Amino acid sequence: MAKKAPPAPVKPLKMDIGINDKDRAAIAQGLSRLLADTYTLYLTTHNFHWNVTGPMFNSLHDMFMAQYTELWNAVDPIAERIRALGHVAPGSYAEYGKLSSLPDAPAVPPKAMEMVRILAQGHEAVARTARSLFPLVEKASDEPTADILVQRLAVHEQTAWMLRSLLED
């Protein structure tokens, strides 16, 4: 009995979605920074949910849970857009530490209102990261990425406003 020849290797398909390689790489890099910021803010928010104390415990505990759940649901579409652009999505703490514009959560949990301040600043930082991508995304006519950015901006700007409101007398 004759041996069968191994199957012929499958030739990879060159990506052609109407965005050139250089622009796809730059957009994916920007989305990687957005993903790192989002994940870092998610982790900080979840940390604060666990560790908040004081007279506003119940309301802040519940609010932080709603916020970290929203952030958790945001990371997948960002990562999948990076993949759709033909690049690998970052997924390690080491990578996020290098890519994120946000500091890590404090080692010692701060007081409740300082948590609110840190999260407000975090949402503003993520909004700035998202907004910084628009010139490149618009130049490349990358509407799917623009849609993700618009959605993220709406969430982060509204959440930052709500958190800042808690800090007013």
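The following paragraphs go through a predicted model, from the whole chain to its core and then to single residues.

The chain holds six helices and zero strands, so the order of elements from the N terminus is simply α-α-α-α-α-α. Its radius of gyration is 20 Å, whereas a compact globule of 169 residues would come near 15 Å. Along the principal axes, the C-alpha atoms occupy a box of roughly 80 × 45 × 25 Å. One pair of residues illustrates the extent of the model: A105 and K4 are 101 residues apart in sequence, and their C-alpha atoms are 58 Å apart in space.

Of the 169 residues in the chain, 41% are buried. The exposed surface comes to about 10200 Å², of which carbon and sulfur atoms supply 59%. Contacts that are distant in sequence are frequent: taking pairs at least 6 residues apart, 81% of the contacts join residues at least 24 apart.

The interior can be described through its largest nonpolar core, which has 41 residues. Those that touch the most other members are L31, L34, L35, F64, I78 and L149. At least two residues of this core come from each of α1, α2 (57–84), α4 (112–132), α5 (134–139) and α6 (143–166). The helix that gives the most is α1, with 10 residues. L35 shows what such a core position meets. Apart from neighbours within four places in sequence, L35 is in contact with V75, I78, A79, I82, A89, P90 and Y96. I78, one of these partners, is itself among the core residues that touch the most other members.

The last helix, α6, can be checked for length. With 24 residues at 1.5 Å each, α6 should span 34 Å, and its end C-alpha atoms are 35 Å apart, so the two values agree. Its buried residues are T145, A146, I148, L149, R152, L153, H156, T159, A160 and L163. Many of the steps in a list of this kind can be read against helix geometry. An α-helix has 3.6 residues a turn, so residues three or four places apart point the same way. The cover over the buried residues of α6 includes α1, α2, α4 and α5.

Back at the start of the fold, D23 lies in helix α1 (residues 21–51). Its relative accessible area is 8%, and because the limit for a buried residue is 20%, D23 counts as buried. The side chain of D23 forms a polar contact of 2.9 Å with that of K139. With neighbours up to four places away in sequence left aside, D23 is in contact with L136, K139 and A140.

Two loop residues complete the tour. S141 sits in the loop between α5 and α6. Its phi is near 55°, a positive value in a residue other than glycine. S141 has a relative accessibility of 47%, so it counts as partly exposed. A105 belongs to the loop between α3 (93–99) and α4. Although A105 is in a loop, it counts as buried because its relative accessibility is 18%, under the 20% limit. Beyond residues up to four places away in sequence, A105 touches T44 and N47.

How values were computed:
Residues are numbered from 1 along each chain as its sequence is written. This is a predicted model: local features need pLDDT of at least 70, side-chain atom pairs count only at pLDDT 80 or more; totals for chains, interfaces and linings use all residues. Side-chain values use heavy atoms; hydrogens and water are left out. Helices (H or I, at least four residues) and strands (E, at least two) are DSSP runs, numbered from the N terminus. Buried means under 20% relative accessible area, exposed over 50%, partly exposed in between (1.4 Å probe, protein chains only). A polar contact is a pair of N or O atoms within 3.5 Å; within protein, one must be able to donate a hydrogen and the other to accept it, and residues adjacent in sequence count only if both atoms are side-chain atoms. Contact means heavy atoms within 4.5 Å. A nonpolar core is a set of buried Ala, Val, Leu, Ile, Met, Phe, Trp, Tyr and Cys residues joined through side-chain atoms within 4.5 Å. The expected span of a helix is 1.5 Å times one less than its number of residues. The radius of gyration is taken over C-alpha atoms; the globule rule is 2.2 Å times the number of residues to the power 0.38. Accessible areas come from the Shrake-Rupley method with a 1.4 Å probe; for residues, only the protein chains shown count as cover.
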